[in-house]
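Reader: Before I rely on words such as pocket, buried or contact, I would like to hear how each of them is earned. Could you take me through the reasoning?

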Amino acid sequence: MNAPILVTGGTGTLGRLVTPLLRDAGHPVRVLSRHGGQPGNGVEHVTADLSTGEGIERAVRGAEIILHLAGGAKGDTEASANLVRAARQAGVRHLVYISVIGADRVPLGWFRSKLGAERAVTDSGLPWTTLRAAQFHDLAFKTAQQMAKLPVIPIPGGLRFQPVDARDVADRLVALTLGKPAGLVPDLAGPTVYGMADLMRGYLEAQGKRRLMMPLRMPGKAGRAYRAGDNLTLHGDTTGTRTWEAFLAEQNSQTH
Ligand SMILES: NC(=O)c1ccc[n+]([C@@H]2O[C@H](COP(=O)([O-])OP(=O)(O)OC[C@H]3O[C@@H](n4cnc5c(N)ncnc54)[C@H](OP(=O)(O)O)[C@@H]3O)[C@@H](O)[C@H]2O)c1
């Protein structure tokens, strides 16, 4: 029997897409999360908390490859450092990490914690691969849903996004996980750059809703970084195939 591939965060949006792909490629998969999941079809679930360190050693034991997807709004640096420590002791031979485009440029807490996590991986002494992806369509969709609850939607001027489909990210991560350690690989963004108003307009049209939008200016260093496009990858690294419009149409067909 092959050693299992450990997927941290394998119950999340991205993890649920990646796990069956790895299993279908013939690899036993072990999923690490805090709340666990239903075992079956070649997928084993273990509970561990990367933030406190509880259960990690047991979860990592026997895994030669780790795909590290677990993450949250904050604390990814410390959680990743805990994982790295256990992975080193277990003699892992490939650690793959998902980060975000702009981790090294956008001065906001989440980006900084992703950069800290990247460094924990890079400095681990283990063979590693890190992919920086843009925001997923799912996240843009949830944000648009929340904003559409407001009678007037604030639209920070100059903010642009390149949302990518999580299925495109999953495909790329599977290839990277099954390949040789490659260090920091080219970014993966969606096929189109949108202003915030374009993203919102697409969502409202797809939902048959109308809202007023109010332009405003995002202040401070973060506003400057976004206006400079520091969260984008504009030099044609790698590009996802599925557009925001196609994602919106799919969501619509699932709910109507
Ligand atoms: N969403 C985006 O737009 C985007 C863009 C670029 C990069 N990323 C990165 O991609 C990764 C996956 O994102 P996602 O949207 O799929 O996340 P998600 O849906 O929120 O899933 C997070 C996963 O991590 C697990 N998890 C969270 N905290 C944990 C902890 N302390 N210990 C163990 N497991 C923990 C969760 O399970 P439990 O709650 O059961 O623990 C869940 O399985 C994250 O690292 C994120 O930063 C996301």
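Author: Let us begin with the word pocket: on a 1 Å grid over the protein atoms alone, a pocket is an open set of points with protein on both sides within 12 Å along at least five of seven lines. In this predicted model, the second largest pocket has a volume of about 150 Å³.

Reader: Which residues line the second largest pocket, and what makes a residue part of that lining?

Author: A lining residue has an atom within 4 Å of a grid point, and for the second largest pocket the residues that qualify are Thr13, Arg16, Leu17, Asp138, Asp165, Ala166, Arg167, Phe247, Glu250, Gln251 and Gln254. Two or more of these residues come from each of helix H1 (15-24), H6 and helix H9 (244-255), and H9 gives the most, with four residues. By class, the lining divides into three nonpolar, three polar and five charged residues.

Reader: What makes the other kind of space a cavity rather than a pocket?

Author: In a cavity a 1.4 Å probe fits but cannot get out, whereas a pocket is open. The structure holds one cavity of 30 Å³ or more, and the largest cavity has a volume of about 40 Å³. Its lining is made of Ala134, Gln135, Phe161, Gln162, Pro163 and Asn231, which by class gives three nonpolar, three polar and no charged residues.

Reader: Why is Gln162, one of those lining residues, called buried?

Author: The relative accessible area of Gln162 is 8%, and buried means under 20%, so Gln162 with its 8% meets the condition and is called buried. Gln162 lies in the loop between strand S8 (160-161) and helix H6 (166-178).

Reader: How do you know that the side chain of Gln162 makes a polar contact with Thr233?

Author: The side chain of Gln162 reaches the backbone oxygen of Thr233 at 2.9 Å, and the limit for a polar contact is 3.5 Å between N or O atoms, so the pair counts as a polar contact.

Reader: Is His137 buried or exposed, and on what grounds?

Author: His137, which is found in helix H5 (residues 137-147), has 0% relative accessibility and therefore counts as buried, the limit being under 20%. The C-alpha atoms of His137 and Arg167 are separated by 9.8 Å, although the two residues are 30 residues apart along the chain.

Reader: Why, then, is Thr192 called partly exposed?

Author: Its relative accessible area is 31%, and partly exposed covers the range between the 20% limit for buried and the 50% limit for exposed, so Thr192 belongs there. Thr192 sits in the loop between strand S10 (188-189) and strand S11 (194-195), and its C-alpha atom is 8.3 Å from that of Phe161, with their positions 31 residues apart in sequence.

Reader: How do you know that the ligand makes polar contacts with the protein backbone?

Author: An oxygen atom of the ligand is 2.8 Å from a backbone N or O atom of Phe136, 2.9 Å from one of Thr13 and 3.1 Å from a polar backbone atom of Gly12; since the cut-off is 3.5 Å, each of these pairs counts as a polar contact. Taken alone the ligand exposes 900 Å², and the protein buries 84% of that.

Technical notes:
Residues numbered from 1 in each chain as written. Predicted model: local features only at pLDDT ≥ 70, side-chain atom pairs only at ≥ 80, totals over all residues. Heavy atoms only, no water. Polar contact = N/O pair within 3.5 Å; in protein donor to acceptor, adjacent residues only side chain to side chain. Areas by Shrake-Rupley, 256 points an atom, 1.4 Å probe, with all protein chains shown as cover. Points joined across faces, edges and corners; volume = space filled by probe spheres on them. Nonpolar A, V, L, I, M, F, W, Y, C, P; charged D, E, K, R; others polar. Buried < 20%, exposed > 50% of the residue type's maximum accessible area, 1.4 Å probe, protein only.
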